[in-house]
Each structure stands twice: as C-alpha cells, then as structure tokens.
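Colleague: Could you take me through one part of this model closely, beginning at a single residue and its helix, and then show me how that part sits within the whole chain?

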Amino acid sequence: MPLDIPAFNNAFGRAYDRVHRSAQPADLAAEQDKLRALVPADASEEDRTWTGHLINDLAEPPPPPREWSELYHEAVRIHVAVYPPKGTTEEQLAMLADGRRRIWELADRASPDEEWDIRAMTEDLESMENWIRNPAFPLTETPFPSSDA
C-alpha cells in the first residue's frame, strides 16, 4: 500500500501545531507514534526516509520569530497607508507610485538579508497600479446582477 502523502502531510501539520503552537502541552512521543502509524510497512525507502526526518524533527523547537529592522516596519507602515488606494484614479495611481518609490528607497538602505523582503512589498502595489490603468473588465457603477431579484 503506498503512502497517502496528503493524509500524512495533513496529520503532520496538525501534530506540529499541537506540539509547537498549542497553549496546552502535547505528548510528543504519542504524536510521533501516530505519524509513524501512517507510514505503511511496504512504503518506499524514499517515503520512509523523508517521513522519518519529519517525524524526528517534530521534537526540534521551531526557530525564534524573525526580528525585523525599523526599515522593514517603516515599509509596512507605508504599504498600509497606500493600500488600498483612495481618491480619484489619478490620486490612486499617484499614491501607489509614491508608496512604491518610498519602499524601494527603504530597501536601498536595508541590510542584504532584508532588502528583497522589503522590495516584495511593492509587488501588489504595482499590480494594483497596472489593474487601475488597464482593468481586466469594464468598471461600472451599476451593481452586478444577482439571482435574488
């Protein structure tokens, strides 16, 4: 019988949450035993290897949350201020472009390990700008028809 990978991954995620994220203490050995029981005896060597690594790694504490710099937090504040944009079309486009420019300036000053995380904050701003310039469907003030009418 082959390994049911989605079922294993789902069970592993739930076990990880119980062991590392729950306010209640979890029985690590019991969680690992439940996961081992999901790996059939005739599973492939490859499946036994990667599931075994995951099951053993369940005992390892997760890494501490990343500490972000003030530049990163400032970029978040800029993003929150400009998205979603408000005002006329021209004002929205200007707001988004200014937000992107300011975030890129912060990224230019950031450390190499944060630079691209900060730049990534501009991707949805650029997408929104492009959508405002060229909507995928015609915009109208008329509500969409519904089956309730």
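**Around helix α4**

Modeller: In this predicted model, E70 counts as exposed, because its relative accessibility is 52% and the exposed class begins over 50%. E70 belongs to helix α4, and its C-alpha atom lies 28 Å from that of H20, a residue 50 places away in sequence.

Helix α4, which covers residues 70-82, is also one of the elements that give two or more residues to the largest nonpolar core, the others being α5 (89-109) and α7 (123-133). That core has 15 residues, and the members that touch the most other members are L71, A75, I103, L106, I118, M121 and L125. In soluble globular proteins, nonpolar side chains tend to be buried together. If we set aside the neighbours within four places in sequence, the contacts of L71 are with L106, R109, A110 and I118. Apart from this core lies another one, made of 10 residues, including A11, V39, A43 and I55.

Following the chain onward from α4, one comes to the loop between α4 and α5, where P84 is found. The peptide bond that joins Y83 to P84 is cis, with omega at about 0°.

Helix α7 deserves a careful look as well, since E129 has its place there. E129 is buried, because its relative accessible area is 4%, whereas the limit for that class is under 20%. Leaving out its neighbours within four places in sequence, E129 is in contact with L93, L96, A97 and R100. In the segment after α7 lies A136, and this residue counts as exposed at 68% relative accessibility. Between A136 and Q92, which are 44 residues apart along the chain, the C-alpha separation is 17 Å.

Elsewhere, the loop between α2 (28-37) and α3 (45-57) holds D42, which is exposed with a relative accessible area of 52%. Beyond its neighbours within four places in sequence, D42 is in contact with M1 and R48. From D42 to S111 the distance is 49 Å, C-alpha to C-alpha, and the two residues are 69 apart in sequence.

To place these parts within the whole, the protein chain has seven helices and zero strands, so that, by the way elements are assigned as DSSP runs, its order from the N terminus on reads α-α-α-α-α-α-α. The radius of gyration of the protein chain is 24 Å, while a compact globule of 149 residues would have one near 15 Å. The C-alpha trace spans about 65 × 55 × 35 Å along its principal axes, and buried residues make up 26% of the 149 residues. Among the contacts between residues at least 6 apart in sequence, 65% join residues at least 24 apart. The protein chain exposes about 10500 Å², of which carbon and sulfur atoms supply 56%. As for charge, the chain carries 15 positive and 29 negative charges, and the mean positions of the two sets are 3 Å apart.

Technical notes
Residues are numbered from 1 along each chain as its sequence is written. This is a predicted model: local features need pLDDT of at least 70, side-chain atom pairs count only at pLDDT 80 or more; totals for chains, interfaces and linings use all residues. Side-chain values use heavy atoms; hydrogens and water are left out. A nonpolar core is a set of buried Ala, Val, Leu, Ile, Met, Phe, Trp, Tyr and Cys residues joined through side-chain atoms within 4.5 Å. Buried means under 20% relative accessible area, exposed over 50%, partly exposed in between (1.4 Å probe, protein chains only). Helices (H or I, at least four residues) and strands (E, at least two) are DSSP runs, numbered from the N terminus. Contact means heavy atoms within 4.5 Å. The radius of gyration is taken over C-alpha atoms; the globule rule is 2.2 Å times the number of residues to the power 0.38. Accessible areas come from the Shrake-Rupley method with a 1.4 Å probe; for residues, only the protein chains shown count as cover. Lys and Arg count as positive and Asp and Glu as negative; His and the chain ends are not counted. The place of a charge is taken as NZ of Lys, CZ of Arg, CG of Asp or CD of Glu.
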